[in-house]
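Student: Please take me closely through one part of this model, and give the cut-offs behind each term as you use it.

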Amino acid sequence: MIGPVGLVDCNNFYVSCERVFQPRLEGRPVGVLSNNDGCVIARSAELKALGVEMGTPAFELRDLVRRQGVVLLSSNYELYGDMSARVREVLEELCAGVEPYSIDEMFIHGDGFSRRQLQDHAQEIHRKVRRYTGIPVCVGLAATRTLAKLANRAAKSVPGYAGVCVLSPGSPDAQALLEKTPLGDVWGVGHRLVERLALMGLHTAADLAAQDPKRIRSHFSVTLERTARELQGTPCIEMNDTNRPRDRIMTSRSFGRLTSNQDEIHQAIRQHAQRSAEKLRAQDSKARAVYVFLKTNRHRPDLAQYSPSAIVELDEPTDDSRPILHAATQALQAIYRPNYLFMKAGVMLIDLVDANRQQLSLLDTPQRQADRERNDRLMATLDQLNQKMGRDTVTLGRPSPKAAWHLRCANRTPRWTTQWRELPYVTAR
DNA sequence: TGGGGCTCT
DNA sequence: AGAGCCC
């Protein structure tokens with residue numbers, strides 16, 4: 001019996017979502033691009049086989065698209081979000097506890113099963129998610145989240161496991177897996193830590209698991225100590241409640257091209273501020289301050305670099321787009337300098353508080369309260385219109401239809417499952 | 001050559 | 001505030 005936690009991870013998730021509705025993409029090298037069609041963030045097995053790495057810029061793939069029939073799609077987050085919810089619903093039917101971790105990964109609890117039952121249970125999950133949603137998944141079960149992650153990788157990459165891997169602590173299988181897993185593939189170990197660990201002669205997950213966690217803590221951090229313990233089979237990483245309101249809300253975007261135009265940047269900031277305020281209201285919070293940043297292009301060392309930021313506090317916690325917009329504009333004015341070519345701009349709302357637990361001002365009067373209620377209704381109406389008619393249907397200030405920061409998405413598929421006008425048709429012949 | 005969010009120091 | 005991590 002193992003104190004089990006499972007990780008269900010969707011295979012090539014975005015590509016798999018696209019294939020559910022376009023079966024002709026089966027068997028072909030398919031990639032999905034990041035926002036703005038910038039770089040590859042999901043790859044089919046066929047695209048991986050062509051040697052295309054995660055994060056490859058789209059412009060480097062033009063030849064492959066022409067010569068090898070590679071299909072590159074813009075990302076369609078509405079579709080992926082909806083498919084993710086479907087996967088979660090199936091898991092909730094099959095498992096006691098489901099904790100979404102990311103759009104394509106869910107942790108599950110496997111309490112109360114024998115090893116044999118666990119194996120069957122994992123098989124059932126593997127089979128039914130595919131059957132009911134069309135999305136292929138791999139299932140890893142182990143004593144801790146970190147080990148479940150490793151088990152999942154094995155389920156995916158070792159053909160013998162065929163998509164399901166149940167790892168018993170201390171078993172020869174488990175030890176063998178740790179020994180052949182490079183540290184960079186361990187959850188929580190990024191490239192900086194890989195370099196530093198290598199200096200200590202540590203290269204594999206087994207090497208880290210063999211260390212005294214106390215020593216790891218003193219040389220690195222409590223985070224890596226936890227990772228070491230988890231590799232040893234001791235659970236010590238809690239799940240964040242994914243339903244908890246965010247502590248910060250950010251909206252940022254790269255410009256389609258470099259720009260130093262103040263007016264253009266201002267328009268971008270205005271749009272990001274309004275979008276952030278919308279997200280703020282959606283999670284029923286208010287913000288006490290607005291953070292604005294600009295960045296020049298790091299990949300152009302030949303150009304002058306300048307990446308300033310500024311925080312402007314709001315008079316009182318608010319979710320009203322107008323003071324937020326005003327604060328963002330002030331912040332921008334404080335940091336903007338001409339003679340730099342900017343690449344990206346963003347707005348972050350910080351110091352968030354629960355809208356329902358707001359400290360009422362001592363100076364509150366019936367008049368001010370009435371004003372507040374009017375503003376609330378105005379914002380609610382704004383949000384409803386934008387939700388119903390499409391993002392940015394109604395905005396404060398003048399619209400800017402051809403601005404440099406608008407999302408590039410040359411090749412986005414229909415939102416098959418979330419927009420009536422984009423429903424798939426089935427034609428009988 | 002993405003965008004968004006978290007924790008730790 | 002900055003570094004580092006995650007997807």
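Tutor: What follows describes the second largest pocket and then turns to the surface near DNA strand C.

This is a predicted model, in which local features need pLDDT of at least 70 and side-chain atom pairs pLDDT 80 or more, while totals for chains, interfaces and linings use all residues. Residues count from 1 along each chain, chains are lettered from A, and side-chain values use heavy atoms, without water.

The second largest pocket (an open set of 1 Å grid points where a 1.4 Å probe fits, with protein on both sides within 12 Å along at least five of seven lines) has a volume, the space filled by the probe spheres, of about 700 Å³. Its lining, meaning residues with an atom within 4 Å of a point, comprises 26 residues, and those closest to the centre of the pocket are D9, K48, M54, R153 and K156. At least two lining residues come from each of β1 (5-10), α1 (13-21), β3 (40-43) and α6 (145-157), elements that are DSSP runs of at least four residues for helices and two for strands. Among the contributors to this lining, α6 has the largest share, with 6 residues. Sorted by class, with Gly counted as polar, the lining holds 11 nonpolar, 5 polar and 10 charged residues.

As for where this pocket sits, the domain assignment of chain A gives domain 1 (1-164), domain 2 (181-244) and domain 3 (249-389). Because domain 1 and domain 2 both give residues to its lining, the second largest pocket lies between them. The centres of domain 1 and domain 3, taken over C-alpha atoms, are separated by 34 Å.

Turning to DNA strand C, 14 residues surround this strand, and the closest of these are S102, D104, K149, G188 and V189. Of the atoms of DNA strand C that come within 4 Å of the protein, 100% belong to sugar and phosphate. The polar contacts (N or O pairs within 3.5 Å) reach the strand from side chain and backbone alike: an N or O atom in the side chain of E105 is 3.4 Å from a sugar or linking oxygen, a backbone N or O atom of G190 lies 3.2 Å from a phosphate oxygen, and a polar backbone atom of L193 is 3.1 Å from a phosphate oxygen. Two or more residues of the surface near DNA strand C come from each of β5 (98-102) and α8 (191-199), and α8 gives the most, with 3 residues. By class, this surface has 6 nonpolar, 4 polar and 4 charged residues.

How values were computed:
Domain bounds come from an automatic or database domain assignment. A residue is near a molecule or strand if one of its heavy atoms lies within 4 Å of it. A polar contact is a pair of N or O atoms within 3.5 Å; within protein, one must be able to donate a hydrogen and the other to accept it, and residues adjacent in sequence count only if both atoms are side-chain atoms.
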